[in-house]
Amino acid sequence: MMKRPVVLGVIAAMFAVAIAAQSRQPAGTSHNGKAFRFNKVKEGVYHAVGTGSLAVVGNSSFIVNDNDVIVVDDHVSPAAAWVLLEEIKEVTNKPVTTVINTHFHFDHAHGNQIFEPNVQIIGHEFTRRMLLSNSTSMPLYQNYLTGMPGQIDSLRQRIASEADPAAKAKLQTQLQVTENNYASQKELKLTPPNVTLTTQMSLYRGNREIQIRYLGRGHTAGDVVVYLPNEKVVMTGDFLTSGLSNLSDSYPDEWVASLDALKKLDFDTVMPGHGEAFTDKAKIDYYQAYLRDVWSEVGRLKKQGVSSEEAAKRADLSKHKDHFPNTAVPPIGTARIYALLDGTAK
Ligand SMILES: [Zn+2]
C-alpha cells in the first residue's frame, strides 16, 4: 500500500516534465519531412543544413562528445532551434549542454531562447552586447522581418491563380514555411550569451579540444570561429562562408587581415554558416581579394560624390564572378562602407 503514492508521485513528476517541455514548444515548428540534412564531416562532428521544409536560414554544426553535445549556432527562430534539437535526438540522446554563437545575427542566434538556463551559451562580449541592445531594430533584421507579410500575401495570390497542381503544392509549402517563420519571429525574446570571451577560450571533452577564437574584426566586431585542432576542422559562421557574406555590420578593410589569422590555423575542412562544408582553402584567398576590391571600388565611387544607393548599382566586382556567382554589392553593404569611411559606423 505504501508503494502506490510513490508510483503516483513518479507518474505525476513525469507528467510535470512532459508538460514543462511541451509548454516551451514554440509556434511554427510544423513541417513536412526532415528540416535538416546532417552532413557528418568528422567522427562526431556534424554540419546541419536546412532542407527547405522549415525556415532555418543559416547552418548550424553540432559536436557529439563522450557525455554531451555542443551546438554551434541555432538558426533564425525559436522554432528552427527547437526542431534542430528534435532531429539531433535521432543521432544521439546525449544532452546539449553548450551552445556557441559565432555572431549576433538573427540567422545564427535567434534560437537561443529555447535552451534551459543551465545550458551555457557562449559568444563574444560584442555578441552579448548586441543581443542585449536593439539588434532587432537594425536594418538587416528589419528588412527580413518587415518583408514577410508581403511575401505571405504574394504567395497566397500566386497559389490562387496557379493551375498546375505540382507548382501549386510547391507554393503551398513555401507559404507554410514563411507563415511558420513569421509566427515564430513573433515569439522572439533576444537571449544573449551567458558566457563571454574576448580573444580565446577552450572547452575540453575527453580527448576532444574545442577552441573558440576571435581573430579580429571582420563580418562583425565579434565573430568567433570554433576550431577543433585534433579533427582539423573549423566552423566559421559568416566570417567565411562558401559564398559572399553580408556586409551590413562588417569591417571589410580589417576582415582581410583577420582572415590571414584564420589561415594560420591547421585545418583541412571548413564548416561555414552558409553553404556546404569545403576543403578548398583557396576560397579564403578569393574572398580576401573580393573584400579588398569591394572596399576600394565603393571607396572610389564615394570619392566621386556618388550616393551610396547609386554606388550599389554601379560597383563593378564582376572580375570575381568565376568564384562568386553574384558579385553585386547590395545597398546595405555600400551604406556600411560609406558609414565606415565617414566615421559614423556603429
Ligand atoms: Zn548568416
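## Zinc site

In this predicted model, the zinc ion has as its protein donors Asp107 (OD), His108 (NE2), Asp238 (OD) and His274 (NE2), lying 2.0 to 2.1 Å from the metal; donors are N, O and S atoms within 2.8 Å of the metal (3.2 Å for Na, K and Ca), and as water is not among the atoms, sites may look incomplete. The 4 donor atoms subtend angles of 88 to 160° around the zinc ion, which makes the arrangement irregular. Four donors count as tetrahedral if all angles lie between 85 and 135 degrees, and as square planar if opposite donors are over 155 degrees apart and all others between 65 and 115; anything else is irregular.

Along the chain the donors follow the spacing D-H-x129-D-x35-H. Histidine 108 in helix H3 (residues 106–109) and aspartate 238, in the loop between strand S11 (233–237) and helix H8 (252–263), are 130 residues apart and link distant parts of the chain. Helices (H or I, at least four residues) and strands (E, at least two) are DSSP runs, numbered from the N terminus.

## Open sheet

An open sheet of mixed pairing is formed by 5 strands in the order S8-S9-S10-S11-S12, where two strands pair if DSSP finds at least two bridges between them. Strands S8 (200–205) and S12 (269–272) stand at the edges with a single partner strand each, so one side of each is left without a neighbour in the sheet.

Strand S9 (residues 208–214) runs antiparallel to strand S10 (residues 224–228), to which 4 bridges join it; arginine 213 has valine 225 in S10 as its bridge partner.

## Basis of the values

Residues are numbered from 1 along each chain as its sequence is written, and side-chain values use heavy atoms, with hydrogens and water left out. Local features need pLDDT of at least 70 and side-chain atom pairs count only at pLDDT 80 or more, whereas totals for chains, interfaces and linings use all residues.

How values were computed: Four donors count as tetrahedral if all angles lie between 85 and 135 degrees; four count as square planar and six as octahedral if opposite donors are over 155 degrees apart and all others between 65 and 115; anything else is irregular.
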